Amino acid sequence: MANKKNEGQRLGITDPISLTGPTYFDLCKTKQLQNYLENAQLYETPDEALAREEVLARLDQIVKVWVKSISRAKGLNEQLVREANAKIFTFGSYRLGVHGPGADIDTLCVGPRYATREEDFFGELGRMLAAMPEVTELHPVPDAHVPVMKFKFSGVSIDLLYAKLSLWIIPEELDLSHNSILENADEQTVRSLNGCRVTDQILRLVPNIQNFRTTLRCMRLWAKCRGVYSNVTGFLGGINWALLVARICQLYPNALPSMLVSRFFRVYTQWRWPNPVMLCNIEEGYLGLQIWDPRRYHRDRYHLMPIITPAYPSMNSSYNVSSSTLQILSEEFQRGNDICMAMESNKEDLEWDTLFERFSFFKAYNNYLQIDINAENGDDLRQWKGWVESRIRQLTLKIEKHTLNMLQCHPHPGDFSDKSKPFHCSYFMGLKRKQQGPGLPNQDGTFDIRATIAEFKGIVLNNYTCWKSGMEIRVHHVKRKNLPSFVLPTITTSKVIFIVKY
């Protein structure tokens, strides 16, 4: 579907690279690609789609009842009680239209100025949800960088954020794209609104939404197969891939998905990082919120792979990328480009499954770090896992620094469970020397990173304010031939696309 608002209008900060339309080859390759994506079961059934819509409608009803209850409890006048309203918005993969079966729905509850986050959202609304038989696995996380309530509603996974606006009454036709919505908003509300504002802006800035969606589905699948889909471990997450794909759509506005995939790899293989990827010019705004600006902010100058969000306040969505993960991403872009060029030249009879071949992580390196964690029970392990996983990027950065950037670290984006050990999981990191040089610590060419690991373990343990007895972490070096048996299925099973959840 073409984006009607943008017909005849240049999108992006530069002119397109090409306005060429599809050839017969592009039409055939796009049809093959769509068939491949359907066979990979990336699309939900009509019944599943309807179930999600019903859950979202029910959730919208619940927050409307909640806010009326809050307005009465606070003694507001009858007119405000009568007009009291809250509204549910969606963002992320669901709003972009690229979600798959069983995926979480990222949702945002927007409420009026008198409905507080702590007491009313996490308190009263949390109690309402907990009392409903449809709601299971309710897990509030009020202390997160972006506070969230996680739960399942009739089996559908929901991540629910909250934004408290300065308005007394939330209009049903509320448009979150206006910057005025951020006036007098606290930091948590600005962050919570960011997902919806960025997602909607992406959809406004692509020339053809359907081609964007198909291409993004393809790139998300490719990134997961190649082990580079993970923001938390220093690769790229959902929003990063969406922004990269959207920029290619702007540069080739008349191209079909098969050509957009090929041009994705061509453009980003040649991209000169840290030049930023942007869908539009960065807006200064009038609210004084901090935006990404390496000329003004010293910290922004050290970002290696800037991918800038298009909604005010614009931020670098990929600040987690390190020297090692950028190197791995660049190698994967080059591999993708080589395959697509071979497909286009017809020199080799290549199919799309060549592009999506799983990366054999446990065959790629001779040396690994194994990070084992355990806890007393399932709830403790879930919290401990979340904390440790968010710190693994720091281990990558510390190893890079302490080895003068000569040891490349490749964190696996998933976790593994040893079924023989209760409440236990492991993370793995591939290690490879980048180059020889005078900075090598040992004369035999090995690296001694024991002090680095000890420092990392100390930070993980000492900085976790919710630590409980039984929460442990161990980090040790393991050779490929000595890898534990519980990771072997990913070595021997080549047909399965997703073994480890991440």
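A residue counts as buried here when its relative accessible area is under 20%. Keep that cut-off in mind for the close-ups below, which all come from a predicted model.

**View 1. Strand β6 sits mostly under cover.**
Let's start with β6, which spans residues 367-374. Of its eight residues, seven are buried. What does β6 pair with over eight bridges in the antiparallel sense? One answer is strand β8, residues 424-433. To spot that pairing, look for Q370 in β6, whose bridge partner in β8 is F428. Strand β9 (residues 472-479) is also joined to β6, again by eight bridges and again running antiparallel. Here a handy pair to find is N374, which stands opposite E472 of β9.

**View 2. Strand β7 is covered on both faces.**
Now for β7, a short run to read through, at residues 407-411. How many of its five residues are buried? The count is five of five. On one side you'll find L407, C409 and P411, and on the other Q408 and H410. β7 pairs with β8 over five bridges, in the antiparallel sense. Check H410 once more: its bridge partner in β8 is G430.

**View 3. Five strands make an open sheet.**
Strands in a sheet pair through backbone hydrogen bonds, and they can do so parallel or antiparallel. Walk across this sheet and you'll meet the strands in the order β1-β2-β5-β4-β3, with mixed pairing. Which strands are at the edges? They are β1 (87-91) and β3 (135-141), each of which pairs on one side only. From one strand to the next, the twist averages 25°. Zoom in on β2 (residues 105-111) and β5 (residues 156-164): these two run parallel and are joined by seven bridges. L108 has L161 in β5 as its bridge partner. Packed on the sheet is helix α6, residues 187-205, touching β1, β2 and β5. The direction of α6 makes about 120° with that of β5.

**View 4. Helices α1 and α9 pack at about 90°.**
To describe two packed helices, you give the angle between their axes and the distance between the axes. For α1 (residues 24-39) and α9, the angle is about 90° and the axes are 7 Å apart. Why call α1 roughly perpendicular to α9? Angles of 65 to 115 degrees get that label, so α1 and α9 earn it. From α1, the contact uses D26, K29, T30 and L33, while α9 brings in P257, S258, M259 and V261. Sorted by class, the contact of α1 with α9 has four nonpolar, two polar and two charged residues.

**View 5. Helices α9 and α10 cross at roughly 135°.**
Stay with α9 (residues 257-270) and bring in α10 (residues 323-345). Their axes come within 8 Å. With that angle, α9 and α10 are oblique to each other. Is their crossing left-handed or right-handed? It's left-handed. Plenty of side-by-side neighbours are listed here, so just pick a few to look for. On the α9 side, the meeting residues include V261, F264, F265 and Y268. Among those on the α10 side are E332, F333, N337 and C340. Going by class, the contact of α9 with α10 divides into six nonpolar, five polar and four charged residues. And V261 may look familiar: this α9 residue is also part of the contact with α1.

Technical notes. Residues numbered from 1 in each chain as written. Predicted model: local features only at pLDDT ≥ 70, side-chain atom pairs only at ≥ 80, totals over all residues. Heavy atoms only, no water. Buried < 20%, exposed > 50% of the residue type's maximum accessible area, 1.4 Å probe, protein only. Helix = DSSP H or I, 4+ residues; strand = E, 2+ residues; numbered from the N terminus. Pairing = 2+ DSSP bridges. Axes fitted to C-alpha atoms, helices over the stretch in contact; angles between N-to-C directions. Parallel < 35°, antiparallel > 145°, perpendicular 65-115°, else oblique. Left-handed = near helix turned anticlockwise from the far one by under 90°. Contact = heavy atoms within 4.5 Å. Nonpolar A, V, L, I, M, F, W, Y, C, P; charged D, E, K, R; others polar.
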